[in-house]
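Q: Please take me through the local features of this structure, giving the general idea behind each reading before the particular case.

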Amino acid sequence: MEEPNETFDDIEVVYLDELEEIDDIDLNEDAQDEGDYAQAIDLAHLTFSKHPTSVFTGAFSRSGTLAVTGGEDDMGYVWSTETGEVLLECTGHKDSVVEASFNFNDQFVATGDMSGLIQVWDVHNKKLVWCYEGDDMEWLLWHHMANVLIAGCQSGDIYVWQIPQGNCKVLPSHGTSTHSGKILADGKRLLAGYGDGQLRLWDLKSGEMSWQLTANIPLLAITSLDITDDANLCIVAPSAQLFKVADGTQTASYLTADETEVEVVAFNTESGLLATGAISGKLCVWDYKKNNLRHETKFDTSITTIKWGVDDKMFVGCTDGCIYVCDTRSGTLVEVLTGHNANILSLSLTKDCTDLLSTSDDGTAKIFKTKSS
């Protein structure tokens, strides 16, 4: 297929017939030069600029009408996705706000900073209803079916709170930090990754550990993980090892011959696909049911985050400030969402996948309309 005629400076929307196969595309162009950041067309539907420095995290409410962001300015903001108007200022933090998200019914929003201060706000009443200050926080997430908030700490302890009552249960450390955690679809179990490469499955009701790895323990700290929707398999980064959730047995590894680690991993259970992205810029799409590589490409920029959309579309955030939208069925680049001028730090989609929220080192959060809109 012929090279596209447009340069990155001219691209607004790039359609499938204008680009070659993703396996062969060359995304170097002039867009990798710092000077092109300022010239890139801003395709965002809305830009939120209240944070003066890096915006580390962002999330939509379940309804999609609100967004919450947290940044290096020690602030969290809840704002309208239609107008960008600030509806709630989450003040009182003592360090960068690196976690922020809504609970399952949008009643509460939680913000957490690097020092370990976690605050929960009533969105409708705009009041602080609960807070906790403890060990340095590594990750924070809401239960998807109840007002339960879970935090993993540098000590390795995992705290499980009922909100707003504050009743607490602790899943104890084995002497090393925990860097990632995810609740299984049944809502009864939590899978946690640790700094020593250990992976543990916890029963949330009893607080007991169901299993931990006894073989094929990753040599590097587990920095992130993902679980299939049916809770049968989990993948961990940076080792890209695949394990059975039932007992922790390793079933596969998804590193190519020239890669030693990956930055991000993400399942698309419906399509039986797994995506891995690396700091080297390599993006791979695997068929984990057949255990083979479906597509592979190399961006001349580091991959920081991946988000699956509908119809096998994948959104890839990179350090060049671009978000690449790929069709993983055909192996083509659908479009490039431009507007940021620094690293993409997080991506979030509305429930119907019509809006994409991105946050960046450039001090902005942006909402893009996707082609599902």
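Q: Where is Ala240 placed, and is Ala240 buried or exposed?
A: Ala240 sits in the loop between strand 19 and strand 20; helices (DSSP H or I, at least four residues) and strands (DSSP E, at least two) are runs numbered from the N terminus. With 0% relative accessibility, Ala240 counts as buried. Buried means under 20% relative accessible area, exposed over 50%, and partly exposed in between, with a 1.4 Å probe and protein chains only. The model is predicted, so that local features need pLDDT of at least 70 and side-chain atom pairs count only at pLDDT 80 or more, whereas totals for chains, interfaces and linings use all residues. Residues are numbered from 1 along each chain as its sequence is written, and side-chain values use heavy atoms, with hydrogens and water left out.

Q: How should the backbone of this loop be read?
A: Most residues other than glycine have a negative phi, and most peptide bonds are trans. Ala240 has a positive phi of about 60° although it is not a glycine. In the loop between strand 19 (233-237) and strand 20 (241-244) one also finds Pro238, and the peptide bond from Ala237 to Pro238 is cis, with omega near 15°.

Q: Which peptide bond is cis with omega near 5°, and which residue has a positive phi of about 60° in the loop between strand 26 and strand 27?
A: The bond from Ile163 to Pro164 is cis, with omega near 5°, and Pro164 is placed in the loop between strand 12 and strand 13 (168-171). Asp312 has a positive phi of about 60° without being a glycine. Asp312 belongs to the loop between strand 26 (303-308) and strand 27 (313-318) and is buried, its relative accessible area being 10%.

Q: How is an aromatic pair described, and how many are found in the whole structure?
A: A pair of aromatic rings is described by the distance of the centres and the angle of the planes. Rings of Phe, Tyr and Trp (its six-membered ring) pair if their centres lie within 6.5 Å; planes under 30 degrees apart count as stacked, over 60 as edge-to-face and the rest as tilted. A search of the whole structure finds 11 aromatic pairs. In one of them, Tyr132 and Trp161, the ring centres are 4.9 Å apart and the planes stand at 50°, so the pair is tilted. Tyr132 lies in strand 9 (residues 127-133) and Trp161 in strand 12 (residues 158-162), so this contact ties together parts 29 residues apart in sequence. Tyr132 is partly exposed at 23% relative accessibility, whereas Trp161 is buried at 2%.

Q: What is the geometry of the pair formed by Phe267 and Tyr288?
A: Phe267 and Tyr288 are edge-to-face, at 5.1 Å centre to centre with 75° between the planes. Phe267 lies in strand 22 and Tyr288 in the loop between strand 24 (282-287) and strand 25 (292-298), so the pair ties together parts 21 residues apart in sequence. Phe267 is buried, with a relative accessible area of 8%, and Tyr288 is buried as well, at 9%.

Q: Which residues do ring pairs link into a cluster?
A: Ring pairs link Trp130, Tyr132, Tyr159 and Trp161 into a cluster.

Q: How many salt bridges does the structure hold, and how is one recognised?
A: Side chains of opposite charge can pair when their charged atoms come close. The criterion for a salt bridge is a side-chain nitrogen of Lys or Arg within 4 Å of a carboxyl oxygen of Asp or Glu. The structure holds 9 salt bridges. Among them, Lys366 and Asp42 meet at 2.8 Å, N to O. This pair links distant parts of the chain, with Lys366 in strand 32 (residues 365-369) and Asp42 in the loop between helix 1 (35-39) and strand 1 (46-48), 324 residues apart. Lys366 is buried, with a relative accessible area of 4%, while Asp42 is partly exposed at 39%.

Q: Which parts of the chain does the salt bridge of Asp226 and Lys182 link?
A: Asp226 in strand 18 (residues 224-227) and Lys182 in strand 14 (residues 178-183) are 44 residues apart, and their side chains meet at 2.4 Å, N to O. Asp226 counts as buried at 9% relative accessibility, and Lys182 as partly exposed at 30%.

Q: Which residues are linked in a network of salt bridges?
A: Asp258, Lys282 and Glu296 are linked in such a network.
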